Amino acid sequence: MYYGFDIGGTKIAFAVYDGALNLCHEERMSTPGNDYEGLQQLIRERVEAADARFGVKGAVGIGFPGILNRLDGSIVAANLPAIHGRHLGADLAELLGRPVKVDNDANCFLWSEVHQGAADGAGSALGVTIGTGIGGALGVTIGTGIGGAVYLAGKLIQGRNWLAGEIGHYPLPSTILMKYPDLPRPRCGCGRLVCFETYASGTGLERLYHHVHGERVSGHQIVARADAREAAALSTIDCWLEIIAAGLATAISVIDPDVVVLGGGLSALPALYEELPKRLPGHLLPGVALPAIREARFGGAGGVRGAALLNL
């Protein structure tokens, strides 16, 4: 049996899968703030209960929003003080008496899609999660920025600093700033200006609408207004789609994946799959064959499912 935990800032998802990758159990619980010992105990209780229920010693995987420090194996997760700077995998392995694998939640998302999902059978894939921003647009929230992951030749690529696939933090392509010279220059949570995710995420969509039209509304409301043919919403989404196309083209030019899998709260927007194949060629070398652009099969469950499957 495979046990997965997806640790978020406010909630933790726990799920159990059998050898055929069928979901056998799932639950959600509150993240215990800055209480590292409480978090470990919570995980221990779920694991021991699952062991007893299924009569096995299950394999444990953990997904989290952050990276691993290559020097000492500690977790770097500024938004999760309970685990930031901690050796979560090693500590849990000792506590549970078994190996525990940990990885970035975007990597877990893509790993799930490689196994029976939208990237099943692909030789290479880029996974991108588009956070919804305020309000949980379309019912699912996976962060408020842009997450990314790379799969190649049968494995996830973490990179030297666990930064492979972190497309949210490369700068917005200058071609976009040339096309839209009046765009705002927001400072990202990482401290730098004009990171891709400050425009392309759900929060970025809200920022664009406010900048151009002077009103603060959620990404969900902007989508609804576009569906109602509001001119302001339509023009904002048009700009947003062009930004996403340009940003994805940068990653596609470097990775050249077979498949791009989109997840997160705004990945259900039909315009992404209608418009990106039309817009991407304008940002790529002439004659480049486009990757398939697919919506994630497992949706909001991808993180916890991928965490469980880290032990495959």
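Two strands pair if DSSP finds at least two bridges between them. Keep that rule handy as you work through this predicted model.

**Exercise 1. Work out how strand S4 sits in its sheet, and name its bridge partners.**

Step 1. Start with S1. Strand S1 (residues 2–7) and S4 are joined by 5 bridges. The rule asks for at least two, and these two strands run parallel.

Step 2. Now try S7. Strand S7 (residues 100–104) also pairs with S4 in the parallel sense, over 5 bridges.

Step 3. Pick out some residues. Tyr3 has Val60 of S4 as its bridge partner. Val60 also stands opposite Val100 in S7. For Gly61, the partner in S7 is Lys101.

Step 4. Put the strands in order. The sheet is open, has 5 strands and reads S3-S2-S1-S4-S7, with mixed pairing. At its edges you'll find strand S3 (23–30) and S7, each pairing on one side only. From one strand to the next, the twist averages 15 degrees.

Step 5. See how covered S4 is. Residues 59–64 make up this strand, and 5 of its 6 residues are buried.

**Exercise 2. Find which strands H2 and H3 lie against, and give their angles to S7.**

Step 1. Take H2. This helix lies across S1, S4 and S7, and it runs at about 155 degrees to S7.

Step 2. Take H3. Helix H3 (residues 105–114) packs on the sheet too, touching S1, S4 and S7. Its direction makes about 100 degrees with that of S7.

**Exercise 3. Describe how H1 packs with H2.**

Step 1. Recall what you need. Two packed helices are described by the angle between their axes and the distance between the axes.

Step 2. Read off both values. Helix H1 (residues 36–54) meets helix H2 (residues 88–96) at an angle of about 50 degrees, and the axes are 11 Å apart. So H1 is oblique to H2.

Step 3. Give the handedness: H1 and H2 make a right-handed crossing.

Step 4. List who touches whom. H1 brings Tyr36, Gln40, Ile43, Arg44 and Val47, while H2 brings Leu88, Asp91, Leu92, Leu95 and Leu96. Sort the residues of this contact by class and you get 7 nonpolar, 1 polar and 2 charged.

**Exercise 4. Do the same for H6 and H8.**

Step 1. Helix H6 (residues 202–213) packs with helix H8 (residues 231–255) at about 130 degrees, with 10 Å between their axes. That makes H6 oblique to H8.

Step 2. The crossing of H6 past H8 is right-handed.

Step 3. On the H6 side, the contact uses Leu205, Leu208, Tyr209 and His213. Residues on the H8 side include Ala232, Ala233, Trp240 and Ile243. The class count comes to 9 nonpolar, 3 polar and no charged residues.

**Exercise 5. Show how strand S8 is enclosed, and which strands it pairs with.**

Step 1. Count the buried residues. Strand S8 (residues 124–130) has 7 of its 7 residues buried, so it is largely enclosed by the rest of the structure.

Step 2. Check both faces. Ser124, Leu126, Val128 and Ile130 point one way from S8, Ala125, Gly127 and Thr129 point the other way, and all are buried.

Step 3. Find the neighbours. Strand S9 (residues 146–152) is joined to S8 by 7 bridges and runs antiparallel to it. There, Gly127 stands opposite Ala149. Strand S11 (residues 259–263) is joined to S8 by 5 bridges, and these two run parallel. In S11, Val128 has Leu262 as its bridge partner.

How values were computed
Residues are numbered from 1 along each chain as its sequence is written. This is a predicted model: local features need pLDDT of at least 70, side-chain atom pairs count only at pLDDT 80 or more; totals for chains, interfaces and linings use all residues. Side-chain values use heavy atoms; hydrogens and water are left out. Axes are lines fitted to C-alpha atoms, for helices over the stretch in contact, and angles run from 0 to 180 degrees between N-to-C directions. Helices (H or I, at least four residues) and strands (E, at least two) are DSSP runs, numbered from the N terminus. Angles under 35 degrees count as roughly parallel, over 145 as roughly antiparallel, 65 to 115 as roughly perpendicular and the rest as oblique. A crossing is left-handed if the near helix is turned anticlockwise from the far one by less than a right angle, and right-handed if clockwise. Contact means heavy atoms within 4.5 Å. Ala, Val, Leu, Ile, Met, Phe, Trp, Tyr, Cys and Pro count as nonpolar, Asp, Glu, Lys and Arg as charged, and the others, Gly among them, as polar. Buried means under 20% relative accessible area, exposed over 50%, partly exposed in between (1.4 Å probe, protein chains only).
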